[in-house]
Amino acid sequence: MIDPNKIRRETMRWNILLVLNNARPIGAYEELVLAAMQGMFPDASALEVRREMDYLADRELVDLRKEPSGRWFSDLTRYGVDVTEYTVDCDPGIGRPVKYW
């Protein structure tokens, strides 16, 4: 049975990794990540993006800096770069497409 919420979460996680990979080596504030996610999911909320960024930080794919002003800044870890570049296996929970090349 297809679970659309699971597909959305996992796809969003993968796309957050891609946004941060393209933002390397500087990283990105959450507003940029949210804008990119709303390009794919127009109803994506800031809370939803934060939840997925926090998940990626727990998996040690992303470094999060939660600033006192309330903004979040994120950057890929070494392992996050390896996952986006397909040099390591990707554990379940992230909707990384199968490498076709």
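Val33 is a good place to start: leaving aside neighbours within four places in sequence, Val33 is in contact with Ile16, Val19, Leu20, Ala28, Val49, Met53 and Ser74. Keep in mind that this is a predicted model. Val33 is found in helix 2, and with a relative accessible area of 0% it counts as buried, because the cut-off for that is under 20%. From here we can look at the core, then at how three helices meet, and then at two other residues.

**Val33 and the core**

- Val33 and Val19 are 14 residues apart along the chain, yet their C-alpha atoms are separated by 6.6 Å.
- The largest nonpolar core has 24 residues, and Ile16, Leu17, Val33, Met37 and Val49 are the ones that touch the most other members.
- Two or more residues of this core come from each of helix 1, helix 2 (30-40), helix 3 (46-58), strand 3 (72-76) and helix 4 (78-84).
- Helix 1 gives the largest share of this core, with six residues.
- As a general rule, nonpolar side chains in soluble globular proteins tend to be buried together.
- Val49 is in contact with Met12, Ile16, Val33, Leu34 and Met37, again skipping neighbours within four places in sequence.

**Helix 1 and helix 2**

- To describe two packed helices, you give the angle between their axes and the distance between the axes.
- For helix 1 and helix 2, the axes come within 10 Å and cross at roughly 130°.
- That angle is over 115° but not over 145°, so helix 1 and helix 2 are oblique to each other.
- The crossing of helix 1 past helix 2 is right-handed.
- On the helix 1 side, Thr11, Met12, Asn15, Ile16, Val19 and Leu20 take part, and they meet Val33, Ala36, Met37 and Met40 of helix 2.
- Sort the residues of this contact by type and you get eight nonpolar, two polar and no charged.

**Helix 1 and helix 3**

- The axes of helix 1 and helix 3 come within 10 Å and cross at roughly 70°.
- Because that angle falls in the 65 to 115 degree range, helix 1 and helix 3 are roughly perpendicular to each other.
- Helix 1 brings Arg8, Arg9, Met12, Arg13, Ile16 and Leu17 to the contact, while helix 3 brings Glu48, Val49, Glu52, Met53, Tyr55 and Leu56.
- The mix in this contact is seven nonpolar, no polar and five charged residues.

**Helix 2 and helix 3**

- Here the axes come within 10 Å and cross at roughly 110°.
- Helix 2 and helix 3 are therefore roughly perpendicular to each other.
- Glu30, Val33, Leu34 and Met37 of helix 2 meet Ala46, Val49, Arg50 and Met53 of helix 3.
- By type, the residues of the contact between helix 2 and helix 3 are six nonpolar, no polar and two charged.

**Two more residues to find**

- Arg13 sits in helix 1.
- Is Arg13 buried or exposed? Arg13 counts as buried, because its relative accessibility is 9%, and the cut-off is under 20%.
- Not counting residues up to four places away in sequence, Arg13 touches Glu52, Tyr55, Leu56, Gly93 and Ile94.
- Ala23 lies in the loop between helix 1 (4-22) and strand 1 (28-29).
- Ala23 is buried too, with a relative accessible area of 13%.
- From C-alpha to C-alpha, Ala23 and Arg65 are 15 Å apart in space, and they are 42 residues apart in sequence.

Terms used. Residues numbered from 1 in each chain as written. Predicted model: local features only at pLDDT ≥ 70, side-chain atom pairs only at ≥ 80, totals over all residues. Heavy atoms only, no water. Helix = DSSP H or I, 4+ residues; strand = E, 2+ residues; numbered from the N terminus. Buried < 20%, exposed > 50% of the residue type's maximum accessible area, 1.4 Å probe, protein only. Contact = heavy atoms within 4.5 Å. Core = buried A, V, L, I, M, F, W, Y, C linked by side-chain atoms within 4.5 Å. Axes fitted to C-alpha atoms, helices over the stretch in contact; angles between N-to-C directions. Parallel < 35°, antiparallel > 145°, perpendicular 65-115°, else oblique. Nonpolar A, V, L, I, M, F, W, Y, C, P; charged D, E, K, R; others polar. Left-handed = near helix turned anticlockwise from the far one by under 90°.
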